[in-house]
Amino acid sequence: NGTLIADDAINSEHYTDGSIDTAHIGDSQVTSAKTSGIGGRATLIDTITLSSSSTAVFDSSDITSTYDNYLITLENVHCGSGNVEVLLKISNNNGSSYEGDSSNDYRFISFNGIENESNNSFTSRYSTAQNKIGITGNYSNNGNDAALKIDSTIECFSLNSSSYKKFLIRTSFGQTDDPPKLVYEHNLALADSTQAVINNIKIYPSSGNFASGKIKLFGLA
């Protein structure tokens with residue numbers, strides 16, 4: 001057996017580039033270094049590239065028992081027109097029907113800040129009965145200015161459990177003013193009418209199509 005080296009016994013003063021390689025480090029140590037932090041726990045499952053797309057759907061082939069928690073990102077998303085809202089609905093039967101299609105199945109609390117607000121304050125919104133989840137924070141006058149895209153992260157918790165389904169949404173976008181004002185939304189939404197396993201998520205504009213952008217689904221270990 002080789003001689004053990006004490007913790008912190010080697011630092012940048014004791015080696016040059018390339019003098020220590022992974023052949024001398026245990027596999028478990030390398031794996032731990034690669035997977036530590038949020039980047040290591042997120043695995044890309046699917047990417048939907050938008051082009052005149054009316055919906056983006058992650059179905060039961062994407063949302064499985066492999067992961068309980070998921071992360072969705074909207075990246076550089078543009079709607080085909082202004083004054084639309086970007087929405088989300090969930091299904092427990094792989095899209096045969098969606099919560100909110102026939103009743104107000106969702107509730108939410110949201111806070112938003114708008115650039116150049118005269119009172120420098122955040123606005124709050126809430127509802128105990130909505131027929132959709134608003135990714136753009138139930139804020140319908142987001143614009144489609146070429147230089148201001150919609151970016152968002154959506155944390156989807158406990159989709160495989162028989163408890164309430166929580167969606168924590170952070171979104172930035174520009175509204176339809178000229179010049180457009182920058183808007184930031186932080187939204188907590190809940191599907192209140194089902195405790196079944198969720199296996200389908202649909203994202204869509206309230207009218208028209210998505211012109212461009214990408215929507216990605218990650219599994220969280």
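1. A polar contact is a pair of N or O atoms within 3.5 Å, in which, within protein, one atom must be able to donate a hydrogen and the other to accept it. In this predicted model, the side chains of Gln130 and Ser127 are joined by such a contact, at 3.3 Å.

2. Gln130 belongs to strand S6, which covers residues 123-130. Its relative accessible area is 18%. Because buried means under 20% relative accessible area, Gln130 counts as buried.

3. As to the overall architecture, the protein chain contains 2 helices and 12 strands. Read from the N terminus, the order of elements is α-α-β-β-β-β-β-β-β-β-β-β-β-β.

4. The protein chain has 221 residues, of which 38% are buried. Its exposed area is about 11,900 Å², with 47% of that area supplied by carbon and sulfur atoms.

5. Contacts across the sequence also deserve a remark. When the residues of a contact in the protein chain are at least 6 apart in sequence, 75% of such contacts join residues at least 24 apart.

6. The largest nonpolar core comprises 36 residues; the members that touch the most other members are Ile72, Leu74, Ile154, Phe167, Ile201 and Ile203. Strand S3 (residues 69-79) contributes the largest share of this core, with 5 residues.

7. Leu74 merits separate inspection. Leaving aside residues up to four places away in sequence, Leu74 touches Val86, Ile135, Ile150, Ile154, Ile203 and Ile215, among others. The partners of Leu74 also include Asp151, Ser152 and Lys214. Two of the residues named here, Ile154 and Ile203, are listed with Leu74 among the core members that touch the most other members.

Key
Residues are numbered from 1 along each chain as its sequence is written. This is a predicted model: local features need pLDDT of at least 70, side-chain atom pairs count only at pLDDT 80 or more; totals for chains, interfaces and linings use all residues. Side-chain values use heavy atoms; hydrogens and water are left out. Helices (H or I, at least four residues) and strands (E, at least two) are DSSP runs, numbered from the N terminus. Buried means under 20% relative accessible area, exposed over 50%, partly exposed in between (1.4 Å probe, protein chains only). Contact means heavy atoms within 4.5 Å. Accessible areas come from the Shrake-Rupley method with a 1.4 Å probe; for residues, only the protein chains shown count as cover. A nonpolar core is a set of buried Ala, Val, Leu, Ile, Met, Phe, Trp, Tyr and Cys residues joined through side-chain atoms within 4.5 Å.
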